[in-house]
Amino acid sequence: MQVSAQIQRRVLVVAGEASGDLHGANMIRAAKDIDPNLCFFGVGGPRMKQAGCDILLPAEELEVMGLVDVVGHLPVLWRAFKSLKKILNSPERPDVLVLIDFQEFNLLLARQARKAGVPVVFYVGPTVWAWRRGRVKRYARAVDRLAVIFPFEPAYYADEDIEVEYVGHPLLDEARATRQRDDYLQELGLDSSRPVVGIFPGSRNSELKYNLPTMLEAAERVALQLPGVQFLLPVAPSFDLEAMRQRIESCMLPILLVRGSIYDVANACDAVLTVSGTVTLQIALVGTPMAILYKTASLNYAIAKRVVNLPHIGLPNIVAGREVVREFIQDQATAETVAEELIKILTDAQYQESLQQGLGQVRQCMGDPGCSQRVAQMVSELSRSHLA
């Protein structure tokens, strides 16, 4: 249902990562259907821009991974923060601030918005269930409405004065392959009768730095054992295609770089080697068996190991509450061990089927679609209540 014609209301959106860009784009499209009087501007990527958001600062300039990267990016992050703070305190300040993930940076902005009298929607709640549970009180003091994406999250805020709503997971709104596997592979010039392995190196430069070399070496080992295997590597919108070609030129394999739907790529693969993060849920929703690889700077890993209180790092495993797919972390993430897992997926039909069944259970645990619409309704309501 659309709201009646009113004055235009401005929504500042800040999404500092590729996953936030995706969720932000879907929310913006849903919001325009619900409330045409909303207009969007802020920090985002190509998907948010395509959805109609006026991008003031490209999200890829803010992307960091771990303490080491944060320290190196402090000047850039500080300039961005000052620029956004100025907007929040200007006569043209937004009617609502929507913060998507990017937790520490966005919490600082939420505090500034509270001081400026700008209501805040925080979309994709902080991972207090994984580490630093004391953050619950900090978010409760700075945020008006919190949209969480896992059903177990609202309980963590039960004792706080904050509106928390489980909105479902945003990926369910768009998780579908649009192309038939055989047709898609044929268009790419690949043989659909031969196995395909996907190499998903992530959307951050730091992810490429620490993970791509091991991924490529593992792929070479797979090719030696299974000579007919073909390789696909989806290139994130934030990366230049030619720059990615240069990154993989040392690899002895003919790896095909592709753009487009991550779901179409995952659906075309028989197995995927992926970094951890949102992309693992995207692959899980397609149902393609995968192995998760995670490497980072030694200092980042040492800190994370001390503070993170989870038995798993892969989102499909976290959602399921058990290990559905194998995780290869830091020193255990060797080309040899990862290649062995990929070969097992490709050659053991029973093992492949068990992985697919486990991923089907992950999808069931994630609930129903409609997340983007629920968050869009939240933004519309808060923008109008602010004017009342």
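Me: What makes the span of α4 close to the expected one?

Reply: Happy to walk through that. In this predicted model, α4 has 14 residues and reaches 20 Å from its first C-alpha to its last. The span expected at 1.5 Å a residue is 20 Å, so the two values agree closely.

Me: Which residues of α4 are buried?

Reply: They are Gln103, Phe105, Asn106, Leu107, Leu109, Ala110, Gln112, Ala113 and Ala116. After α4 comes glycine 117, with a positive phi near 80°.

Me: How do you know that phenylalanine 105 is buried?

Reply: Its relative accessible area is 10%. Buried means under 20%, so phenylalanine 105 is called buried.

Me: Why is the pair of tryptophan 78 and phenylalanine 81 called stacked?

Reply: The structure holds five aromatic pairs. In the one formed by tryptophan 78 and phenylalanine 81, the ring centres are 5.6 Å apart and the planes differ by 25°. A pair needs centres within 6.5 Å, and stacked needs planes under 30 degrees apart, so this pair is stacked. Tryptophan 78 and phenylalanine 81 are three residues apart in helix α3, so about one helical turn separates them.

Me: And why is the pair of phenylalanine 81 and phenylalanine 105 called edge-to-face?

Reply: Here the centres are 6.4 Å apart, with 80° between the planes. The distance is within 6.5 Å and the angle is over 60 degrees, so the pair counts as edge-to-face. The pair links distant parts of the chain: phenylalanine 81 is in helix α3 and phenylalanine 105 in helix α4, 24 residues apart. Phenylalanine 81 is buried too, with a relative accessible area of 8%.

Me: Which residues do ring pairs link into a cluster?

Reply: Trp78, Phe81, Phe102 and Phe105.

Me: How do you know that the charged end of lysine 344 sits over the ring of tyrosine 351?

Reply: That charged end is 4.2 Å from the ring centre. The distance is within the 6 Å allowed, and lysine 344 is listed as sitting over the ring of tyrosine 351.

Me: Why does the count of disulfides come to zero?

Reply: A disulfide needs two cysteine sulfur atoms within 2.5 Å, and by this rule the count is zero disulfides. Take cysteine 251: the closest cysteine sulfur, in cysteine 269, is 15 Å away, so it is too far for a bond. Cysteine 371 is in no disulfide either, as the nearest cysteine sulfur, that of cysteine 365, is 17 Å away.

Me: Are cysteine 251 and cysteine 371 buried or exposed?

Reply: Cysteine 251 is buried, at 8% relative accessible area, and cysteine 371 is buried, at 0%.

Methods:
Residues numbered from 1 in each chain as written. Predicted model: local features only at pLDDT ≥ 70, side-chain atom pairs only at ≥ 80, totals over all residues. Heavy atoms only, no water. Phe/Tyr/Trp six-rings, centres within 6.5 Å; stacked < 30°, edge-to-face > 60°. Helix = DSSP H or I, 4+ residues; strand = E, 2+ residues; numbered from the N terminus. Buried < 20%, exposed > 50% of the residue type's maximum accessible area, 1.4 Å probe, protein only. Lys NZ or Arg CZ within 6 Å of the ring centre and 35° of its normal.
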